[in-house]
Amino acid sequence: MNTEVLVLYFAKSAELAGLKSETISVPEELTSQQLWQELENRHPRLSAVREQVVLAVRQEYVVLGNQRVSLRAGDEVAVIPPLSGG
Amino acid sequence: MNTEVLVLYFAKSAELAGLKSETISVPEELTSQQLWQELENRHPRLSAVREQVVLAVRQEYVVLGNQRVSLRAGDEVAVIPPLSGG
Amino acid sequence: MNDGDRDAQDLIKLTYDKLSADAASDTVLCPSCGAVSMFIGTTRNNFEGKKVVQLEYEAYIPMAESQLKKIFCDIRERWSTVRHICVHHRLGVVPVTEASVIVAISSPHRVQSLEAVAYCIDALKASVPIWKKEVYETEDSTWKENKECLWAGGTLK
Amino acid sequence: MNDGDRDAQDLIKLTYDKLSADAASDTVLCPSCGAVSMFIGTTRNNFEGKKVVQLEYEAYIPMAESQLKKIFCDIRERWSTVRHICVHHRLGVVPVTEASVIVAISSPHRVQSLEAVAYCIDALKASVPIWKKEVYETEDSTWKENKECLWAGGTLK
């Protein structure tokens, strides 16, 4: 089953995706790597940061890999390039 | 030979001596311990801080002991109780 | 002996306004504390020989706040005498020499707040979702990467 | 790349006026530095169960200035990238929670100024001729002794 989530893009990922946020439909259960692939399929230029990015799901960091992610309608997913605050 | 020097008292030593500064006549050559004794002779209550005091001669610290001190007219000698700045 | 002391405060502000050291230090003052330690991060005018004209910051604001709160919890576990903790981070355009971040921490004695400030800025750079773009005189720009960030530089370390 | 940078500044002020964190940090800002670290010593409201109403500071002013300059030299030897160093120390009456001392140091990267600030306040307490008297609610008072001072507590250590 699919569900609608809000995806936020920051910093370089926003420049590559060409937008700051969008609502997309994705499977309710998938791995973090598969979730990333959904985003990369929509915005192929995101592949440039694939090796140096993590996601945040409901404001918690998730690295790309085999971790299972469960999503519900309205959940917030963010693309987090390397941090540079401070 | 004696010479006249300006003695400055700070913090507790000023309270014990009852004054903040005075000009006194002391030998031109003496040890730092003897210089202290000159001050203690003038102000016996200073003995209360004898074990926790150093002098400053021309704005350089000198501990009480056998160090030789050479004084010239107008030199500044200060009584330095334990520091508590900051 | 804490008459007049407020409860321990966690003070977080992400703002487009200019930061103030006095404003940050005032928020952490407390009558039972003898020490306020602070760190102010400012915009440098150069990077590897390129002249920087300004920085631009953006943040994932709600998550930045929740990550800062986690850091504050860690600080209170490590330095139990730390009293108030304040982080002000500027967003948007920050001209050269202006402050991008101010960390201020109070404690009864100075060692704890000095150590906690160093820890706080390290942890902020490693885990708080804020980004800066350096804009050069040549009109190009680069998204920076903190060396403290685990997923910077290509592989998770 | 130090366009617009002043030469390294040693900034010392002993003053009866209220201290300001902004004033201290402003004096050490420089375009090539990304870090300003600060320590603010404030008056605590208690000491061993006694309620403190104010502190009174006095200094051997010219020697305090020369001792601070020696400390600044030591800092520049140990941390060669340290840029500007500022110490503001208040004299006379300092009410509870107000600042008695502010140390502010700038450096291109933060580790050096953070370490140098900790060193500076330790060294100041150990060797700069300034004294404080704590005045208690009970109207008695005590001349304080820094544990960092080698001749405090009865014997030279």
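# Exercises on the chain contacts of a predicted model

Strand β2(C) pairs with strand β2 (residues 35-42) of chain D in the antiparallel sense, over 7 bridges. Strands (E, at least two residues) and helices (H or I, at least four) are DSSP runs numbered from the N terminus, and two strands pair if DSSP finds at least two bridges between them. The model is predicted: local features need pLDDT of at least 70 and side-chain atom pairs count only at pLDDT 80 or more, while totals for chains, interfaces and linings use all residues. Residues are numbered from 1 along each chain as its sequence is written, chains are lettered from A and ligands numbered from 1 in the order in which they are written, and side-chain values use heavy atoms, with hydrogens and water left out.

## Exercise 1

Describe the interface between chain C and chain D, beginning with its extent.

**Solution.**

Step 1. Contact means heavy atoms within 4.5 Å. By this rule, 39 residues of chain C are in contact with 40 residues of chain D. Of the 3 pairs of chains in contact, chains C and D share the most contacts.

Step 2. The size of an interface is often given as the accessible area lost when the parts come together. Buried area is the accessible area (1.4 Å probe) that two parts lose on being put together, summed over both. For chain C and chain D this area is about 3100 Å², and carbon and sulfur atoms give 53% of it.

Step 3. A salt bridge is a side-chain nitrogen of Lys or Arg within 4 Å of a carboxyl oxygen of Asp or Glu. Between chain C and chain D there are 4 salt bridges. One of them links C:Arg110 with D:Asp122, whose closest N and O atoms are 2.4 Å apart.

Step 4. On the side of chain C that touches chain D, the elements giving two or more residues are α1 (21-28), β2 (35-42), β4 (50-59) and α3 (110-127) of chain C. The largest share, 8 residues, comes from β2(C). By class, this side has 17 nonpolar, 13 polar and 9 charged residues; Ala, Val, Leu, Ile, Met, Phe, Trp, Tyr, Cys and Pro count as nonpolar, Asp, Glu, Lys and Arg as charged, and the others, Gly among them, as polar.

Step 5. Within the pairing of the two β2 strands, D:Phe39 is the bridge partner of C:Ser37.

## Exercise 2

Describe how chain A meets chain C, and state which residues of chain A lose the most area to chain C.

**Solution.**

Step 1. The contact takes 24 residues from chain A and 34 residues from chain C. The area buried between these chains is about 2300 Å², with 56% given by carbon and sulfur atoms. In chain A, the residues that lose the most area to chain C are A:Leu83, A:Ser84 and A:Gly86, together 30% of what that side buries.

Step 2. The count between chain A and chain C is 3 salt bridges. In one of these, C:Lys70 meets A:Glu60, the closest N and O atoms being 2.9 Å apart. The side of chain A that touches chain C receives two or more residues from each of α1 (11-17), β4 (54-57), β5 (60-62) and β7 (76-80) of chain A. Its residues divide into 13 nonpolar, 5 polar and 6 charged.

Step 3. A further salt bridge is formed by the side chains of A:Lys20 and C:Glu58 (3.6 Å, N to O). A:Lys20 lies in the loop between α1 and β2 of chain A and C:Glu58 in strand β4 of chain C, so the pair joins two chains.

## Exercise 3

Characterise the aromatic pair formed by A:Phe10 and C:Trp131.

**Solution.**

Step 1. Rings of Phe, Tyr and Trp (its six-membered ring) pair if their centres lie within 6.5 Å; planes under 30 degrees apart count as stacked, over 60 as edge-to-face and the rest as tilted. The whole structure holds 8 aromatic pairs over all chains.

Step 2. The pair of A:Phe10 and C:Trp131 is stacked, at 4.8 Å centre to centre and 10° between the planes. The pair crosses between chains, from A:Phe10 in the loop between β1 (2-9) and α1 of chain A to C:Trp131 in strand β8 (residues 130-136) of chain C.

## Exercise 4

Identify the strands that β1(A) pairs with through 7 bridges and through 4 bridges.

**Solution.**

Step 1. β1(A) and strand β2 (residues 21-27) of chain A run antiparallel and are joined by 7 bridges. Here A:Glu22 is the bridge partner of A:Val7.

Step 2. β1(A) and β7(A) run parallel and are joined by 4 bridges. In β7(A), A:Ala78 is the bridge partner of A:Leu8.
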